[in-house]
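Let's walk through this structure together, moving from the whole chain down to single residues. Keep the view open as you read.

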Amino acid sequence: SANYTYLPIPYAKHCRVTVDKPDELFYQIDSVHFPEGTKVRPFVLPLTEEDKAALDKAKAWFPPSLPTSDNPVVPTSMTPKLIIAPGSISELPPIAGPATIRNIFLTAPNISDADLRKLILRIWFDGHPTPDIEAPVADFFGNAYGHKVFYSVPFWQDASGNMCFRLPMPFSSNARISFENGSALTVNLEYVLDVQSGPIPPGSLYLHADFNQEISVLGKPHLWAHVEGH
């Protein structure tokens with residue numbers, strides 16, 4: 001098994017990492033170096049009052065309790081169900097807005113982690129011509145590497161294979177959700193959508209998630225992202 005974190009840890013001069021009992025330890029640390037003279041506010045604990053206020057604002061997005069093995073915060077049953085034949089696409093009933101999808105609970109107990117990467121989730125908000133979200137289920141729910149059990153604020157998976165995605169997804173008029181089965185097996189999909197109906201805050205943004213996969217070439221720089229605008 002492996003553990004990982006994507007929490008940014010900025011530092012101005014240097015950073016030292018120590019490990020107790022490092023027997024059979026495999027690790028990878030990614031760092032980004034800024035131009036000389038860049039002002040950086042180092043990460044510090046305990047949090048400053050400003051950082052506490054920012055954390056409280058972020059926590060307001062989510063239910064008060066984070067799921068754990070003792071408190072999974074998962075529906076007692078996953079209904080309704082979809083049976084998706086190999087090579088076919090199934091679409092959920094459309095969701096009327098204005099509303100916000102607060103949680104997506106999902107389980108596909110009859111397929112492997114590898115086949116979860118062949119089950120493609122697509123979500124369209126407010127009649128957009130292309131999907132706002134298009135990604136393999138495994139990657140979208142944080143299970144790209146086959147981690148059986150993990151808990152985090154935006155998504156988690158328990159020991160029974162129940163998955164949850166908790167970033168809020170606001171929309172004004174409608175939302176469409178479909179699943180495409182690219183595996184050779186029939187997928188028995190069970191799900192629960194936690195939808196909060198009602199006006200969305202002014203200036204709310206759509207959630208976007210797009211999966212890309214490319215093969216790098218030895219000795220050739222790989223363009224990871226080219227982003228313009230907001």
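A disulfide here is a pair of cysteine sulfur atoms within 2.5 Å. By that rule, the count comes to zero disulfides. Please keep in mind throughout that this is a predicted model. Two cysteines are worth finding in your viewer. Cysteine 15 has a relative accessibility of 47%, so it counts as partly exposed. Cysteine 164, with a relative accessibility of 0%, counts as buried.

Now step back and take in the chain as a whole. It holds three helices and 13 strands. Of its 230 residues, 28% are buried, where buried means under 20% relative accessible area. The chain exposes about 16300 Å², and carbon and sulfur atoms supply 57% of that area. If you look at the contacts in the chain with a separation of 6 or more, 77% of them come from residues 24 or more positions apart.

Let's turn to the segment before helix 1, the helix that spans residues 49-59. Valine 19 lies in this segment, and its relative accessible area of 46% makes it partly exposed. This valine helps to make a nonpolar surface patch of about 550 Å², together with Val17, Leu25, Tyr27 and Ile29. Why can Val19 belong to such a patch? Patch residues need over 30% relative accessible area, and Val19, at 46%, is therefore above that cut-off.

The segment before helix 1 also contains glutamate 24. This glutamate is exposed, with a relative accessible area of 76%, and its backbone is worth a look as well. Most residues other than glycine have a negative phi, and most peptide bonds are trans. Glutamate 24, however, has a positive phi, near 55°. Further along in the segment before helix 1 you will find proline 46, which is joined to leucine 45 by a cis peptide bond with omega of about 0°.

Both of these backbone features turn up elsewhere in the chain. The peptide bond from glycine 97 to proline 98 is cis, with omega near 5°. Proline 98 sits in the loop between strand 3 (95-96) and strand 4 (99-107). As for a positive phi in a residue other than glycine, aspartate 126 has one near 55°. This aspartate belongs to the loop between strand 5 (119-125) and strand 6 (133-136). Is aspartate 126 buried or exposed? Its relative accessible area is 17%, so it is buried, given that the cut-off is under 20%.

Our last stop is asparagine 181, in strand 11 (residues 174-181). At 1% relative accessibility, this asparagine counts as buried. What lies around its side chain? The backbone oxygen of isoleucine 84 is 3.0 Å from a polar atom of the asparagine 181 side chain. The backbone oxygen of alanine 85 is 3.3 Å from a polar atom of that side chain. Leaving aside residues up to four places away in sequence, asparagine 181 touches Ile84, Ala85, Pro86, Gly87 and Ser88, along with Lys118, Leu119, Thr186 and Val187. Try selecting those residues together with asparagine 181 to see how this buried side chain is surrounded.

Notes. Residues are numbered from 1 along each chain as its sequence is written. This is a predicted model: local features need pLDDT of at least 70, side-chain atom pairs count only at pLDDT 80 or more; totals for chains, interfaces and linings use all residues. Side-chain values use heavy atoms; hydrogens and water are left out. Patches are made of residues with over 30% relative accessible area and no salt bridge: like charges are joined within 9 Å, nonpolar side chains (Val, Leu, Ile, Met, Phe, Trp, Tyr) within 5 Å. Accessible areas come from the Shrake-Rupley method with a 1.4 Å probe; for residues, only the protein chains shown count as cover. A salt bridge is a side-chain nitrogen of Lys or Arg within 4 Å of a carboxyl oxygen of Asp or Glu. Helices (H or I, at least four residues) and strands (E, at least two) are DSSP runs, numbered from the N terminus. Buried means under 20% relative accessible area, exposed over 50%, partly exposed in between (1.4 Å probe, protein chains only). A polar contact is a pair of N or O atoms within 3.5 Å; within protein, one must be able to donate a hydrogen and the other to accept it, and residues adjacent in sequence count only if both atoms are side-chain atoms. Contact means heavy atoms within 4.5 Å.
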